[in-house]
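Grab your viewer and work through a few short exercises. Try each task on your own before reading the solution under it.

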Amino acid sequence: MKSIVVTIVAVSLAAGARHDLRAEAVRETPLAAFRSDPFRPQLRYTPKYGWMNDPNGLIYDQGKWHFFCQHNPTNVVWGNMHWNHAVSDDLVHWQELGEALCPDDQGTMFSGSAVVDREGVAGFGRDVQVLFYTHDVTDGFHFVQRVAW
């Protein structure tokens, strides 16, 4: 996805991220294997591994529901913010597509929203998924609002 900077806002909290080597093994496990986990909700989406928070967009596009949420794919604690992306035909059975937004040299991805621009009013084309999000600048004191499509 492409992104552009929209505006700057102020003040944030900084947090460190820890890497958990189990994450790689869990990502290779089929999602169906997690359905018997008594600690995993069965009627809502959860990623195979990692910490999740803040649903950032539920959109219907081309016959599928698309769900985005904040996600730390390397550990089960807050930090290392990405946006996870999953799709469903029925809002019960989900296919995890991986990370839609990933940290870059300028920082990590915080909360936002998603829309489908049916008319192309944003200038990125018709029927384009557009993600609006807060980008945590690496100095830990500033946020930048961004758009990705």
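What follows is a set of exercises on the fold, the cores, the aromatic rings and a few single residues.

This is a predicted model, in which local features need pLDDT of at least 70 and side-chain atom pairs count only at pLDDT 80 or more, while totals for chains, interfaces and linings use all residues. Residues are numbered from 1 along each chain as its sequence is written, and side-chain values use heavy atoms, with hydrogens and water left out.

**Exercise 1. The overall layout**

Work out the order of the elements along the chain, then look at burial and contacts.

Step 1: Count the elements. There are one helix and eight strands; helices (H or I, at least four residues) and strands (E, at least two) are DSSP runs, numbered from the N terminus.

Step 2: Put them in order. Starting at the N terminus, you should read β-α-β-β-β-β-β-β-β.

Step 3: Check burial. Out of 149 residues, 40% count as buried, where buried means under 20% relative accessible area, exposed over 50% and partly exposed in between (1.4 Å probe, protein chains only).

Step 4: Look at the surface. About 8400 Å² of the chain is exposed, and carbon and sulfur atoms supply 58% of that. These areas come from the Shrake-Rupley method with a 1.4 Å probe; for residues, only the protein chains shown count as cover.

Step 5: Look at contacts (heavy atoms within 4.5 Å). Among those with a separation of 6 or more, 50% are between residues 24 or more positions apart.

**Exercise 2. The nonpolar cores**

Find which residues make up the largest nonpolar core and which elements give two or more of them.

Step 1: Fix the term. A nonpolar core is a set of buried Ala, Val, Leu, Ile, Met, Phe, Trp, Tyr and Cys residues joined through side-chain atoms within 4.5 Å.

Step 2: List the members. The largest core has 10 residues: I59, F68, W83, L101, M109, A114, V116, L131, Y133 and A148.

Step 3: Assign them to elements. Strand 6 and strand 7 are the ones giving two or more residues to this core, and strand 6 has the largest share, with three.

Step 4: Look for a second core. Apart from the largest one lies another of five residues, including F67, C69, A86 and W94.

Step 5: Zoom in on I59. Beyond four places in sequence, I59 touches K64, W65, H66, F68, A114, V115, V116 and Q129.

**Exercise 3. Aromatic rings**

How many aromatic pairs does the structure hold, and what is the geometry of F124 and W149?

Step 1: Count the pairs. You should get nine. Rings of Phe, Tyr and Trp (its six-membered ring) pair if their centres lie within 6.5 Å; planes under 30 degrees apart count as stacked, over 60 as edge-to-face and the rest as tilted.

Step 2: Take F124 and W149. Their ring centres are 3.8 Å apart and the planes sit at 5°, so this pair is stacked.

Step 3: Place both in the chain. F124 is in the loop between strand 6 (107-117) and strand 7 (128-137), and W149 is in the segment after strand 8 (142-148), so the pair links distant parts of the chain, 25 residues apart.

Step 4: Check cover. F124 has 23% relative accessibility, so it counts as partly exposed.

Step 5: Look for a cluster. Y45, F67 and W94 are linked into one by ring pairs.

**Exercise 4. Cysteines**

Is C69 buried or exposed, and how many disulfides does the structure have?

Step 1: Locate C69. This residue is in strand 3 (residues 64-72).

Step 2: Check its cover. With 0% relative accessibility, C69 is buried, whereas C102 at 38% is partly exposed.

Step 3: Search for disulfides (cysteine sulfur atoms within 2.5 Å). The whole structure has zero.

**Exercise 5. Polar contacts of D61 and H85**

Find which side chains make polar contacts with D61 and with H85.

Step 1: Fix the term. A polar contact is a pair of N or O atoms within 3.5 Å; within protein, one must be able to donate a hydrogen and the other to accept it, and residues adjacent in sequence count only if both atoms are side-chain atoms.

Step 2: Start with D61, in strand 2 (residues 51-61). D61 is buried, at 6% relative accessible area.

Step 3: Read off its partners. The D61 side chain contacts that of R118 at 3.2 Å and that of Q129 at 3.0 Å.

Step 4: Move to H85, in strand 4 (residues 82-88). At 12% relative accessibility, H85 is buried too, and its side chain makes a polar contact of 2.9 Å with the side chain of H66.
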